[in-house]
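Let's take a look at how one sheet and its helices fit together. Have the model open while you read.

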Amino acid sequence: MIHLLDVLDREANHRLLNGLQIVVSLLSLQSRATANAGTAADLADAANRVATIIHIHQLLRSMDGLQSVVFRPFLNELCADYSKMSTVAGTSQREMVVEAIDILIPAVVGMPLGMIANELLTNAMKHGKGRITITLEGQPATGFAMSVCNDGSTLPPGFDPAASKGLSMKLILSLVEQIGGELRIDRCHHDTGTCFSVMFANS
């Protein structure tokens with residue numbers, strides 16, 4: 001009976017992922033077929049969000065019951081896939097760099113953190129210029145920090161993410177709250193771009 005349940009579970013998982021892949025393909029095709037640039041970008045964003053859910057689901061399935069996951073491979077894969085998909089919305093490919101330490105992150109933190117990374121990467125592609133850098137590093141005071149930084153213009157003084165009407169920022173803030181983290185917005189170290197950092201405890 002246990003063996004049968006395992007087979008049924010794998011089959012259900014396989015069909016779920018196939019269904020989600022079809023959704024991604026349909027959204028991407030519709031994005032390319034849409035003349036309106038804004039609508040095309042929204043459809044491409046939706047495709048990216050569903051693709052991220054697929055990646056996170058596959059990552060957790062590969063853990064085979066483990067409660068924690070090494071997060072760096074996910075970030076590498078996310079950047080590689082996003083670089084390929086960036087042309088869907090008519091944007092040129094950008095250099096993406098992952099500078100992440102190898103740490104184990106609990107699954108309950110890794111899932112929302114993966115979605116946050118996707119949203120921040122999407123925003124950097126839309127509003128920034130030049131190279132995009134994703135870092136994951138230790139922070140003595142807070143535990144760990146995941147940051148997405150890009151070249152280009154900085155945000156206006158007094159920018160309040162909580163007052164943003166965009167779906168992406170609302171989703172980011174909700175997910176940050178879900179993991180008990182803190183969102184910080186600063187200038188990049190070379191003072192020519194914006195850096196979004198999520199501070200979180202690894203427990």
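## A helix across the sheet

Start with helix α4, residues 107–127, in this predicted model. Helix α4 lies across four strands: β2, β4, β5 (143–151) and β7 (193–200). Its direction is at about 15 degrees to that of β5.

Now find helix α5, made of residues 167–178. Helix α5 also packs on the sheet, where it touches β6 and β7. With β6, its direction makes an angle of about 125 degrees.

## The sheet itself

So what is the order of the strands in this open sheet? Going across, you meet β2-β4-β5-β7-β6, 5 strands with mixed pairing. The edges belong to β2 and β6 (182–187). Each of these two has a single partner strand, so one of its sides has no neighbour in the sheet. On average, neighbouring strands are turned by 15 degrees against each other, if you ignore direction.

## Zooming in on an edge

Is strand β2 mostly covered or mostly open? Though β2 stands at an edge, this strand (residues 96–100) is mostly covered, with 4 of its 5 residues buried.

Its partner is β4, residues 129–139, and the two pair in the parallel sense over 5 bridges. You can pick out individual pairs: glutamate 99 has threonine 135 of β4 as its bridge partner, while alanine 100 is matched with leucine 136 of β4. As a rule, side chains in a regular strand alternate between the two faces of the sheet.

Terms used. Residues are numbered from 1 along each chain as its sequence is written. This is a predicted model: local features need pLDDT of at least 70, side-chain atom pairs count only at pLDDT 80 or more; totals for chains, interfaces and linings use all residues. Side-chain values use heavy atoms; hydrogens and water are left out. Buried means under 20% relative accessible area, exposed over 50%, partly exposed in between (1.4 Å probe, protein chains only). Two strands pair if DSSP finds at least two bridges between them. Axes are lines fitted to C-alpha atoms, for helices over the stretch in contact, and angles run from 0 to 180 degrees between N-to-C directions. Contact means heavy atoms within 4.5 Å.
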